[in-house]
Amino acid sequence: VLFIVSVLGAAWAILTVLRRKSTRDSAMFVSFIDLCFVGAFIAGVYELRNIANADCSNFSADSRFSVTINNDGLSGDAPSLRLNTNKECAMRKASFAFGIMNCIFFAITAFLLLFMHRTRKDDREVATKETYRRRSHDS
């Protein structure tokens, strides 16, 4: 679910960037959609909440260590280290982290668009207040 919402969110973000003028004109609608994405990301992160404390990787080492003394001197085998990673767990944990980041980013853009709508509305009011016509008087 979180993957689908992320793909849709990325497509929406690209679309709003490419159509900046219409985004500016319909800032309230775009802000509403951004807030809907925030809700969807919160739901996805909530569903993956148990992955936050999961241990997705660990190191293992052979406990064998041997040293041999022969005519040429000392020789030995050192323990080997291995990294074991559960890829499914790691992908879920990464999705969890990106979901949290997307919640923050979409919330920021939603509030910026609300601010843009508010200032744009003030600009229109000022423009209508300043457009007075004077009639010239004929004598």
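**Overall view: helices and strands along the predicted chain.** Helices, meaning DSSP runs of H or I with at least four residues, and strands, meaning runs of E with at least two, are numbered from the N terminus. The model shown is a predicted one, and its secondary structure comprises 4 helices and 4 strands, which follow one another from the N terminus in the order α-α-α-β-β-β-β-α. Of the 139 residues of the protein, 20% count as buried, while the area that the protein exposes is about 11400 Å², with carbon and sulfur atoms supplying 61% of it. Among the contacts between residues at least 6 apart in sequence, 71% join residues that are at least 24 apart.

**Close-up 1: the largest nonpolar core.** This core has 19 residues, of which Trp12, Phe37, Phe41, Leu48, Ile51, Phe96 and Phe106 touch the most other members. Two or more residues are contributed by each of the elements α1 (2-18), α3 and α4, and the largest share, 7 residues, comes from α3. In soluble globular proteins, nonpolar side chains tend to be buried together. 

**Close-up 2: the surroundings of Phe96.** Phe96, which is among the core residues that touch the most other members, has contacts with Leu2, Val45, Leu48, Arg49, Ile51 and Ala52 when residues up to four places away in sequence are not counted. Of these partners, Leu48 and Ile51 are themselves listed among the core members with the most such neighbours.

**Close-up 3: the aromatic cluster of Phe37, Phe41 and Phe106.** With pairs accepted where ring centres lie within 6.5 Å, the count for the model comes to 4 aromatic pairs. In one of them, the rings of Phe37 and Phe41 have centres 6.5 Å apart and planes at 35°, so this pair is tilted. Both residues lie in helix α3, where they are 4 residues apart, about one turn of the helix, and both are buried. In another pair, the ring centres of Phe41 and Phe106 are 5.6 Å apart with the planes at 35°, so this pair is likewise classed as tilted. The pair links distant parts of the chain, with Phe41 in helix α3 and Phe106 in helix α4, 65 residues apart. Phe41 is buried because its relative accessible area is 0%, and Phe106 also counts as buried because its relative accessibility is 10%, the cut-off for this class being under 20%. Phe37, Phe41 and Phe106 together form one aromatic cluster.

**Close-up 4: a nonpolar patch on the surface.** Phe98, Ile100, Met101, Ile104, Phe105, Ile108 and Leu112 form a nonpolar patch on the surface, and their accessible area together is about 660 Å². One of these residues, Phe98, lies in helix α4 (residues 87-129) and counts as exposed because its relative accessibility is 51%, the class being set at over 50%.

**Close-up 5: Ala40 and the start of the chain.** Ala40 is found in helix α3, which covers residues 27-47, and is partly exposed because its relative accessible area is 27%, a value that falls between the limits of 20% and 50% that bound this class. The C-alpha atom of Ala40 is separated by 9.0 Å from that of Val1, although these two residues are 39 residues apart along the chain.

Terms used: Residues numbered from 1 in each chain as written. Predicted model: local features only at pLDDT ≥ 70, side-chain atom pairs only at ≥ 80, totals over all residues. Heavy atoms only, no water. Buried < 20%, exposed > 50% of the residue type's maximum accessible area, 1.4 Å probe, protein only. Patch = residues over 30% accessible without salt bridge, like charges linked within 9 Å, V, L, I, M, F, W, Y side chains within 5 Å. Areas by Shrake-Rupley, 256 points an atom, 1.4 Å probe, with all protein chains shown as cover. Salt bridge = Lys/Arg side-chain N within 4 Å of Asp/Glu carboxyl O. Core = buried A, V, L, I, M, F, W, Y, C linked by side-chain atoms within 4.5 Å. Contact = heavy atoms within 4.5 Å. Phe/Tyr/Trp six-rings, centres within 6.5 Å; stacked < 30°, edge-to-face > 60°.
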